[in-house]
Amino acid sequence: MDVLVSWFVEPFSLPFMARALGMLLALAVVAGVVGVIVNLRGLEFISDGLTHAVFPGIAIGFVAGGRDGLLVGAIITALVAAVVLTLLTRSGVASDAAIAIVLTGFFSVGVLVVSRQTDYAGQLDALLFGRLLTVTDADLWRTVALCAVALVAVLATLPAQLYRAFDARGSEASGFRPLVNDLILNGAIALVVVAASSAVGNLLVLAVLVVPGAVGRLLTRRLWLLFPLGAAATALAAWIGLGIGFGVSVDDGLSLPAGATVVLTLVSLYAIVLLARLGVDRVRGTRVPAAAIDRRVEVSA
């Protein structure tokens, strides 16, 4: 019991731990909505492309203005990448090819920019893997603001986003504008990437967008439950991951990167839920493949 308190309760009385948890909880709320839509529409690879495409904006902003310039550069590049990627996929270019073009082109620019710095390895490490335990109050409120904008944008178009996820042709025939909805969703994804990059890093932010929806779909067939379950999974992983990282660092002297620890905890949570789901299905005498699970969600919606 003492270990549980010293790892998972007491650390969050420290200001830097409280800020880190607050940032991750803000990301958890938006991931529970945007991440679920990403999962329902099968946009994980597009999210990966946007994640890497934002990197040059983060690099240029950081080089030009330090941490204060990071946000502006990242937002501009993120929105440009979202528009470019959306237009490419809508113009008939194969989505995988479009993602590869955006990913490699933008990411290469970011690496070239960072390589011009004296502390190349240190700067690249910080941008790729984040600085979760050194976020300031200003960083926290900026993240909350970006998450709020992304959340409002998706919630305002949620019926259209869900309709498009389950019946793309039907949604277009019903008068919903697919280009507008795709731009809004990709823009929201880009903002989440920007919000999360300073916390868990550019390379690890994809887990925040992908894993919550995947966990929710293993736990329920009810569409409306996917959103709170995705958010709860992310929040739980944030709390446990930060606690483990702090406890191991203090008690064992082993320094663990906070962002990577949280993401690994989230992925481990998915693995546990997946094994539990497979076990329940085996006890019931049914073996439900992933495709069938997805279909049951669609039918229940």
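Visitor: Is Asp 137 buried, partly exposed or exposed?
Guide: This is a predicted model, and the class follows from computed accessibility. Buried means under 20% relative accessible area and exposed means over 50%. Asp 137 has 46% relative accessibility, so the residue counts as partly exposed.

Visitor: Which residue forms a salt bridge with Asp 137?
Guide: The closest N and O atoms of the pair are 3.8 Å apart. The cut-off is 4 Å, so the pair qualifies. The two residues sit 118 residues apart, with Asp 137 in helix 7 (residues 137–156) and the partner in helix 2. That partner is partly exposed, at 21% relative accessible area. The residue is Arg 19.

Visitor: Which residue meets Asp 139 in a salt bridge?
Guide: The N to O distance is 2.6 Å. The two residues are three apart in helix 7, so about one helical turn separates them. Asp 139 is buried, at 8% relative accessibility. Its partner is partly exposed at 26%. That partner is Arg 142.

Visitor: How many salt bridges are there by this rule?
Guide: Side chains of opposite charge can pair when their charged atoms come close. Arg 19 with Asp 137 is one of the pairs. Asp 139 with Arg 142 is also among them. The count comes to five.

Visitor: Which residues are linked with Arg 164 in a network of salt bridges?
Guide: Arg 164 pairs with Asp 182, their closest N and O atoms being 3.0 Å apart. The pair joins helix 8 (residues 158–166) to helix 10 (residues 178–200), across 18 residues. Both residues are buried. With Arg 164, the network links Arg 41 and Asp 182.

Visitor: Which helix gives the most to the largest nonpolar core?
Guide: That core has 73 residues. Leu 24, Leu 27 and Val 34 are among those with the most contacts inside it. The top contributor spans residues 15–41 and supplies 15 residues. It is helix 2.

Visitor: Which residues does Leu 27 touch, not counting residues up to four places away in sequence?
Guide: Leu 27 is one of the core residues with the most contacts inside the core. Contact here means heavy atoms within 4.5 Å. By that test, Leu 27 touches Thr 143, Cys 147, Val 192, Ala 195, Ala 196, Ala 199 and Val 208.

Visitor: Why is helix 3 largely enclosed by the rest of the structure?
Guide: Helix 3 covers residues 44–53. Its buried residues include Asp 48, His 52 and Leu 50. The helix is largely enclosed because the buried share is eight of the ten residues.

Visitor: Which helix gives the most to the lining of the second largest cavity?
Guide: The structure holds two cavities of 30 Å³ or more. The second largest has a volume of about 80 Å³. Helix 2, helix 12 (223–252) and helix 13 each give two or more residues to its lining. The top contributor, with three residues, is helix 13.

Visitor: How many charged residues are in the lining of the second largest cavity?
Guide: Leu 24, Leu 27, Thr 234 and Val 262 are among the lining residues. By class, eight are nonpolar and one is polar. The number of charged residues is zero: there are no charged residues.

Visitor: Is Thr 261 buried or exposed?
Guide: Thr 261 is found in helix 13 (residues 258–283). Leaving aside neighbours within four places in sequence, Thr 261 contacts Gly 241, Ile 244, Gly 245 and Leu 256. The relative accessible area is 11%, so Thr 261 is buried.

Definitions and conventions
Residues are numbered from 1 along each chain as its sequence is written. This is a predicted model: local features need pLDDT of at least 70, side-chain atom pairs count only at pLDDT 80 or more; totals for chains, interfaces and linings use all residues. Side-chain values use heavy atoms; hydrogens and water are left out. A nonpolar core is a set of buried Ala, Val, Leu, Ile, Met, Phe, Trp, Tyr and Cys residues joined through side-chain atoms within 4.5 Å. Buried means under 20% relative accessible area, exposed over 50%, partly exposed in between (1.4 Å probe, protein chains only). Helices (H or I, at least four residues) and strands (E, at least two) are DSSP runs, numbered from the N terminus. A salt bridge is a side-chain nitrogen of Lys or Arg within 4 Å of a carboxyl oxygen of Asp or Glu. On a 1 Å grid over the protein atoms alone, a cavity is a set of points where a 1.4 Å probe fits but cannot get out, and a pocket is an open set with protein on both sides within 12 Å along at least five of seven lines; lining residues have an atom within 4 Å of a point. Grid points are joined across faces, edges and corners, and a volume is the space filled by probe spheres set on the points. Ala, Val, Leu, Ile, Met, Phe, Trp, Tyr, Cys and Pro count as nonpolar, Asp, Glu, Lys and Arg as charged, and the others, Gly among them, as polar.
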